Amino acid sequence: MKMRFSLAFILILLLLAAACSGYSDFEMLLKLKTSMLGPYGHGLEDWMLSPSSSAHCSFSGVTCNEDSRVVSLNLSSHCLLSGFIPPEIGLLNKLVNLTLSSHNLSGRLPLEMAELTSLRIFNISNNVFVGDFPGEITLGMTQLEILDIYNNNFSGPLPLDLVHLKNLKHLHLGGNYFSGSIPESYSQIQSLEYLGLNGNELSGKVPSSLAKLKNLRNLYVGYYSTYEGGIPQDFGSLSSLEVLDMASCNLTGEIPPSLGKLKRLHSLFLQMKSLGFYPS
Ligand SMILES: *[C@@H]1O[C@H](CO)[C@@H](O)[C@H](O)[C@H]1NC(C)=O
Ligand SMILES: *[C@@H]1O[C@H](CO)[C@@H](O)[C@H](O)[C@H]1NC(C)=O
Ligand SMILES: *[C@@H]1O[C@H](CO)[C@@H](O)[C@H](O)[C@H]1NC(C)=O
Ligand SMILES: *[C@@H]1O[C@H](CO)[C@@H](O)[C@H](O)[C@H]1NC(C)=O
Ligand SMILES: *[C@@H]1O[C@H](CO)[C@@H](O)[C@H](O)[C@H]1NC(C)=O
Ligand SMILES: *[C@@H]1O[C@H](CO)[C@@H](O)[C@H](O)[C@H]1NC(C)=O
């Protein structure tokens, strides 16, 4: 009796070990394959069941660490995949790089993505994901450097939770249907070098607080959005700024002379109703 008990115990331990190692990543990738299909149901053909527990590490687009856990998933050069991201993606919790850009993926982002707390690169640009962007999934992603969701069908307010990301350098939320105003609190993302909010349905004033983003080199807010008022005077203190695009978004008034202080600026796109430019 005792013997049988310990045998069962060892078996359970073994199963647990298997579940904690690459085995579950293997299963997860096969699950992903059934959720993302190429033309005529093809796509990810080389992702196949195998007796080897680390075979998934040689799947196209997959990179593993020494424990056969998936650290990078990059499907950007695969044939066009349609479908959705399944909730089980949360099990790939060693992922550092996730690039699923330029496909035809839709649906909402699963909240289980909150488990991906090692992510540095999160790139789902050029798809058709819908609904709110669930900012809360990023709360544990303390290493995140790149968040690129450009050109999807996200709507609702711009996510506020992003202000907790202390390592975020590149934030592209452009080309969606986000509405409401630009959060003043985005000025707290001090690490930002690139902020893309262009091509949305935003309104209200462009917050002058953004002038606190001292590392910002590229700022895109133009097109389709209809703001009130003009270019904040304070933008003259964005000392790292190289590109400023505020074109075609109902900005009015004069171009603040303070922009003349932007010594690194090489591209300025403004198209305004009544304008005068008096660089100081
Ligand atoms: C993630 O991608 C970056 C940029 O391509 C690369 O330098 C880094 O080594 C990648 N990390 C992993 C774990 O694959
Ligand atoms: C993803 O793969 C593409 C094409 O192979 C490559 O250009 C890109 O640098 C990769 N991205 C990352 C983050 O490694
Ligand atoms: C894109 O996905 C939708 C379903 O979400 C499908 O109806 C459509 O045919 C797909 N388009 C292409 C070009 O595969
Ligand atoms: C996201 O992926 C697309 C396609 O691979 C690439 O063009 C784009 O530069 C990537 N975004 C970032 C911020 O690296
Ligand atoms: C995304 O938005 C475009 C343009 O409005 C629309 O034609 C398309 O049906 C939308 N796709 C999804 C999946 O919502
Ligand atoms: C465009 O700007 C003007 C002047 O600031 C403002 O009165 C108007 O409401 C704005 N239009 C829209 C559609 O927001």
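These questions and answers go through the fold and ligand shells of a predicted model.

Student: How many helices and strands does the protein chain have?
Tutor: The count rests on DSSP runs. Over the protein chain, they come to two helices and 18 strands.

Student: What share of the 280 residues in the protein chain is buried?
Tutor: A residue is buried if 20 or more other C-beta atoms lie within 10 Å of its own. In the protein chain of 280 residues, the buried share is 31%.

Student: Among contacts between residues at least 6 apart in sequence, what percentage join residues at least 24 apart?
Tutor: Contact here requires C-beta atoms within 7 Å. In the protein chain, the share of such contacts that join residues at least 24 apart is 55%.

Student: Which strands are the edges of the open sheet of eight strands?
Tutor: The order is β1-β4-β6-β8-β10-β12-β14-β16, with mixed pairing. An edge strand pairs on one side only. That picks out β1 (36-37) and β16 (226-228).

Student: Do β1 and β4 run parallel or antiparallel, and which residue stands opposite Met36?
Tutor: Strands of a sheet pair through backbone hydrogen bonds, in either sense. Two bridges join β1 to β4 (residues 82-83), and the sense is antiparallel. Opposite Met36, in β4, stands Gly83.

Student: In which sense do β10 and β12 pair, and which residue of β12 stands opposite Ser155?
Tutor: β10 covers residues 153-157 and β12 covers residues 177-180. Three bridges link them in the parallel sense. The residue of β12 opposite Ser155 is Tyr177.

Student: What is the bridge partner of Ser179 in β14?
Tutor: β12 and β14 (residues 201-205) run parallel, joined by two bridges. In β14, the partner of Ser179 is Glu201.

Student: How many residues around ligand 2 are nonpolar?
Tutor: The shell holds Asn74, Ser76, Ser77, Asn97, Thr99 and Ile121. Five are polar and no residue is charged. The nonpolar count is one.

Student: How does the shell around ligand 5 divide by class?
Tutor: Ser106, Val128, Val130 and Asn153 surround ligand 5. No residue there is charged. The division is two nonpolar and two polar.

Student: How many charged residues does the shell around ligand 6 have?
Tutor: Around ligand 6 are Ser203, Thr226, Glu228, Gly229, Asn250 and Thr252. Five are polar, and no residue is nonpolar. Asp, Glu, Lys and Arg count as charged. The charged count is one.

Key
Residues numbered from 1 in each chain as written. Chains lettered and ligands numbered in written order. Predicted model: local features only at pLDDT ≥ 70, side-chain atom pairs only at ≥ 80, totals over all residues. Near = placed C-beta within 6 Å. Pairing = 2+ DSSP bridges. Helix = DSSP H or I, 4+ residues; strand = E, 2+ residues; numbered from the N terminus. Buried ≥ 20, exposed ≤ 12 C-beta atoms within 10 Å, placed from the backbone. Contact = placed C-beta atoms within 7 Å.
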